[in-house]
Amino acid sequence: MENIREILGQAENAAILGHVRPDGDCVGACLGLKNYLANLAPELSVRVYLEEIPDSFGFLKGAEEISHETSDGTIYDLVIALDTSDRERLGGFGVYFEQAGRTVCIDHHVTNQGFAEVSHVCPDASATSEVLYTLMDDGLVDEAVAECLYMGIAHDTGVFKHSNTSGETMRIAGRLMEKGINFSKIIDQTFYEKTYRQNQILGRMLTESVLFMDGLCVFAAVRKKNMDFYQAKAKDLEGIIDQLRVTKGVECAIFLCETAPQVYKVSMRSNQAVDVSRVASFFGGGGHVRAAGCTMAGSVYDVINNLSKHIEEQLIEAGLWREGRRA
Ligand code: AMP
Ligand code: MN
Ligand code: MN
């Protein structure tokens with residue numbers, strides 16, 4: 001695929017889907033594509049389906065029209081899945097995918113399973129929002145589209161600093177800046193700004209974090225009862241894993257969030273030595289080399305134990321760890 005135009009065909013209506021617990025890239029990509037399609041093919045009727053999004057993304061054009069309905073009965077000529085590596089990650093919105101006339105997936109996950117009829121996956125791209133820009137005619141990218149894509153790229157690169165940031169990422173971001181967007185505001189309000197509640201949980205998780213494997217790894221876990229106490233939602237936990245990762249000396253950080261009794265959503269981040277997408281894939285999840293996730297059952301102790309076996313193997317391969325101690 002070289003251009004978004006190619007995938008439209010004779011479609012009269014289309015749905016755009018993302019992954020469960022949508023993050024900045026997912027929301028930016030979905031709304032960026034919706035706003036672009038309004039410029040490219042105004043006659044095409046397009047609806048975006050996503051789970052609830054953070055309030056701070058509400059300023060993006062089209063955010064208010066996102067549908068949270070998992071089965072409104074509409075059957076679409078075309079369904080485009082964005083930033084989603086496997087069928088399960090579509091969550092309840094998978095029904096639209098199953099019934100679609102045609103399906104397309106645009107993504108950047110190295111673990112993408114090619115579950116759509118047409119898949120366009122660029123594992124070297126920092127974000128799905130970056131991939132999308134390369135498939136767009138620049139002349140049709142207006143300020144509203146640019147705001148969405150810029151936010152998506154800024155989020156998946158941790159504001160242009162993660163190792164997935166390339167020269168190409170910066171060239172595209174630069175082009176998007178030239179569309180007149182308020183890039184400082186987008187980054188401050190959607191990335192750095194935290195609610196009081198988010199800060200409280202972040203502080204608690206840092207206090208309760210545990211270093212292990214002689215300081216090469218760190219983990220923290222939030223229990224369901226803590227979530228209830230703070231009246232927190234999954235979206236309030238963004239950024240905790242990033243703070244754990246920058247603990248001095250740490251190669252691999254793990255954050256667990258209990259989503260049901262003894263069921264944990266696992267987030268992993270690595271600095272250099274560990275390919276966390278390999279670890280996550282082993283447990284049925286996926287992601288990228290430096291950022292990946294999965295869902296696991298058991299106690300916190302069980303989950304950390306199971307993960308650390310795989311992390312340990314990789315640290316040994318990297319020469320950083322020997323049987324039971326730091327190399
Ligand atoms: P997170 O820790 O949730 O920010 O996720 C980090 C990366 O791993 C993201 O790119 C996700 O798309 C991916 N990821 C997280 N959880 C899963 C999962 N259960 N299955 C596949 N990919 C996942
Ligand atoms: Mn994502
Ligand atoms: Mn992404």
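In which sense do β1 and β3 pair, and over how many bridges? They pair in the parallel sense, over four bridges. Keep in mind that this is a predicted model. Two manganese ions share Asp 83 as a bridge, and a search of the whole structure turns up eleven aromatic pairs. Here's the rundown, topic by topic.

**Strand β1 and its partners**

- Strand β1 covers residues 13–17 and is mostly covered itself, with five of its five residues buried.
- Asn 13, Ala 15 and Leu 17 point one way from β1, while Ala 14 and Ile 16 point the other way.
- On the β3 side, Ala 14 has Leu 78 as its bridge partner.
- On the β2 side, five bridges join β1 to β2, and the two run parallel.
- Asn 13 finds its bridge partner in β2 at Ser 45.
- Put β1 and β2 together with helix α2 (residues 24–40) and you get a right-handed β-α-β unit.

**Manganese ion (ligand 2)**

- His 19 (NE2), Asp 23 (OD, listed twice) and Asp 83 (OD) coordinate the manganese ion (ligand 2), at 2.1 to 2.7 Å.
- Along the chain, the donors of the manganese ion (ligand 2) follow the spacing H-x3-D-x59-D.
- His 19 and Asp 83 link distant parts of the chain: His 19 sits in the loop between β1 and α2, Asp 83 in the loop between β3 and α3, and they are 64 residues apart.
- Both His 19 and Asp 83 are buried.

**Manganese ion (ligand 3)**

- The manganese ion (ligand 3) is coordinated at 2.1 to 2.3 Å by Asp 25 (OD), Asp 83 (OD), His 108 (NE2) and Asp 156 (OD).
- Its donors are spaced D-x57-D-x24-H-x47-D along the chain.
- Asp 83 bridges the manganese ion (ligand 3) and the manganese ion (ligand 2), which lie 3.7 Å apart.
- His 108 comes from the loop between β4 (102–107) and β5 (118–121), and Asp 156 from helix α5 (residues 143–156), so this pair ties together parts that are 48 residues apart in sequence.
- His 108 has a relative accessibility of 1%, so it counts as buried.
- Asp 156 is buried too, with a relative accessible area of 18%; the cut-off for buried is under 20%.

**Aromatic pairs and a charge over a ring**

- Among the eleven aromatic pairs is Tyr 76 with Tyr 96: the ring centres are 6.0 Å apart and the planes sit at 70 degrees, so the pair is edge-to-face.
- That pair links distant parts of the chain, with Tyr 76 in the loop between β2 (45–49) and β3 (78–82) and Tyr 96 in helix α3 (residues 94–99), 20 residues apart.
- Tyr 76 and Tyr 96 are both buried.
- For Phe 212 and Phe 219, the centres are 5.8 Å apart and the planes at 70 degrees, so that pair is edge-to-face as well.
- Phe 212 and Phe 219 are buried.
- Tyr 49, Tyr 76, Phe 93 and Tyr 96 form one aromatic cluster.
- Lys 185 lies over the face of Phe 59, at 5.6 Å from the ring centre.

**Positive phi outside glycine**

- Most residues other than glycine have a negative phi, and here are two with a positive value.
- Met 213 has a phi near 50 degrees and sits in the loop between β6 (210–212) and β7 (217–222).
- With 11% relative accessibility, Met 213 counts as buried.
- Gln 231 has a phi of about 50 degrees and is found in the loop between α9 (224–230) and α10 (240–245).
- Gln 231 is exposed, its relative accessible area being 59%.

**Leu 140 and its surroundings**

- Leu 140 is in the loop between α4 (128–134) and α5.
- At 24% relative accessibility, Leu 140 counts as partly exposed.
- Setting aside neighbours within four places in sequence, Leu 140 is in contact with Arg 5, Tyr 36, Asn 39, Leu 40 and Val 145.
- Leu 140 and Glu 313 are 173 residues apart in sequence and 48 Å apart in space, C-alpha to C-alpha.

Methods
Residues are numbered from 1 along each chain as its sequence is written. Chains are lettered from A and ligands numbered from 1 in the order in which they are written. This is a predicted model: local features need pLDDT of at least 70, side-chain atom pairs count only at pLDDT 80 or more; totals for chains, interfaces and linings use all residues. Side-chain values use heavy atoms; hydrogens and water are left out. Donors are N, O and S atoms within 2.8 Å of the metal (3.2 Å for Na, K and Ca); water is not among the atoms, so sites may look incomplete. Buried means under 20% relative accessible area, exposed over 50%, partly exposed in between (1.4 Å probe, protein chains only). Rings of Phe, Tyr and Trp (its six-membered ring) pair if their centres lie within 6.5 Å; planes under 30 degrees apart count as stacked, over 60 as edge-to-face and the rest as tilted. A charge sits over a ring if NZ of Lys or CZ of Arg is within 6 Å of the ring centre and within 35 degrees of the ring normal. Two strands pair if DSSP finds at least two bridges between them. A crossover is right-handed if, with the strands pointing away from the viewer, the path from the first strand over the helix to the second runs clockwise. Contact means heavy atoms within 4.5 Å.
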